[in-house]
Amino acid sequence: MSETSITTPSGSEKGRYDKKVANTNMFDDSPIAGETSDEFNEDVERAKAKAGEEKFHRLGWKRLTVVLIVEAIALGSLSLPSAFATLGMVAGVICSVGLGLLAIYTSDLVGMVKIKFPDVAHYADAGRLVAGRFGYELVGGMFALQLVLLVGSHCLTGTIAFLNITSNGACSLVFGVVSAIILFILAIPPSFAELAILGYIDFVSIVLAIGITMIATGIKASDSVGGLSSVPWSAWPKEDLSFADAFIAITNIVFAYSFSICQFSFMDEMHTPTDYKKSIWALGLIEIAIYTITGGVIYAFVGPDVKSPALLSAGNLISKIAFGVGLPVIFISGSINSTVVGRFIHGRIFKNSVTKYINTPTGWATWIGLIAVITVIAWVIAEAIPFFSDLLSISSSLFISGFTYYFPAIFWFMLLREGSVFEKKNLVHLVLSSISMIVGLVVLVGGTYASVVDIVSSTSVAPFKLFKLPED
């Protein structure tokens, strides 16, 4: 039997098939009495395919929300106070709320594409709809590279967290290996429905880390000379603000709303994909609230000298506690990126085989091997690149600007629009999609330029320059 002809029996055969499946070990190759080996093998293949389809279509909108939260909200949210310090309170709040609402809109466009074209399983498939094989390969390459870099970023952040908790700077390589192993183990479950269970731990972890940082910085400010009123925060951008500094601050906020990059992958597991709107609105509003409150409140407590991540501004002991509480979010949020890129690559390699369902010995062996390779590559990137944070900023400017803003706008113009762009029913989409396109392209050009400028000015700085540990 060809692997491409996997079908589920129907009609008069269904009763005999169901009875056979119920009484047969899926991995037992012994045929039932009275049946040829070929017939038996065909039924086993059908059983594997049916079990695989059921396994990867268990995601409801509530679990989708949790998975999106895991992928979107990490310790990076604690970099927003420094963005507020650069932009000022007014511009910081406007950018946080405005870019968040725009991200909800573009995420809705991504969902519309998935509903209209159900076979789109990953972002690369949407690229194929727009530009054929070239679009598939280009977007697929961007998709895979960005996710691997994100895994590397979490590996580096885990290393920094362990260094901070232990105050042992001599074990950075060991902590890097430990971080990579944890990321590998958590990425092994291939189903997003299974990962959603860890999402609740992830969400509690980040809320507690943010809460501890807020309380600690608030107490520290209250105990200082002059109290809270003496904190020199400003409603306006800092003096002598350079173009590069302003754009790096803006891109920090843009990257915080990058949840649409994995949305196609997550929606492909939903049993009722049309429920996606509930998830993106729930996630979007939660993100806007967390990011705006975190950025504004911690900046108001600490002032222009707030560190990135902000928990380093809470003092040595409190930062250790906050990092300890934040460990789950570092590794759970990082591992889901491994799972997404792993599913993309694994599904492409075994597109016409039951191996893609990862419910056979071959499926599991190839899946675990692939996740191991992805993790090793991410670890090498995190350890070897001397200015990793700047490189990640460039990759995000090049990639996230598209996945979050201008790609969804292109989807509306080329795939979703019905009739003339100037028809009354299309005017709202025309305006919002045009704004999304402009924002994405401005971030692409301005963010890349700002990151290059920052690299040129800091090539002699140590790899951990953005995560300097507090001194006793």
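**Close-up views of salt bridges and helix α3**

In this predicted model, the count of salt bridges comes to seven. The legends below describe some of them, together with one helix.

**View 1. A salt bridge between Lys-277 and Asp-108.** The closest N and O atoms of this pair are 2.7 Å apart. Lys-277 belongs to helix α11 and Asp-108 to helix α5 (residues 89–116), so the salt bridge ties together parts that are 169 residues apart in sequence. Lys-277 is partly exposed, at a relative accessible area of 37%, whereas Asp-108 is buried, at 13%.

**View 2. A salt bridge within helix α6, between Glu-137 and Arg-133.** The N to O distance is 2.6 Å. The two residues are four apart in helix α6 (residues 123–166), and about one helical turn therefore separates them. Glu-137 is partly exposed, with 30% relative accessibility, while Arg-133 is exposed, with 55%. Through salt bridges that share partners, Arg-133, Glu-137 and Arg-348 are joined into one network.

**View 3. A salt bridge between Asp-275 and Lys-278.** Here the side chains meet at 3.9 Å, N to O. Lys-278 is partly exposed, and its relative accessible area is 43%.

**View 4. Helix α3 (residues 61–72) and its surroundings.** The helix has 12 residues and reaches 16 Å from its first C-alpha to its last, close to the 16 Å expected at 1.5 Å a residue. Helix α3 is mostly covered, with nine of its 12 residues buried; among them are Leu-64, Val-67, Ile-69 and Glu-71. The cover over the buried residues includes α8 (192–223), α9 (243–256), α10 (263–267), α11 (276–302) and α12 (316–349).

Key:
Residues numbered from 1 in each chain as written. Predicted model: local features only at pLDDT ≥ 70, side-chain atom pairs only at ≥ 80, totals over all residues. Heavy atoms only, no water. Expected span 1.5 Å × (residues − 1). Buried < 20%, exposed > 50% of the residue type's maximum accessible area, 1.4 Å probe, protein only. Contact = heavy atoms within 4.5 Å. Salt bridge = Lys/Arg side-chain N within 4 Å of Asp/Glu carboxyl O.
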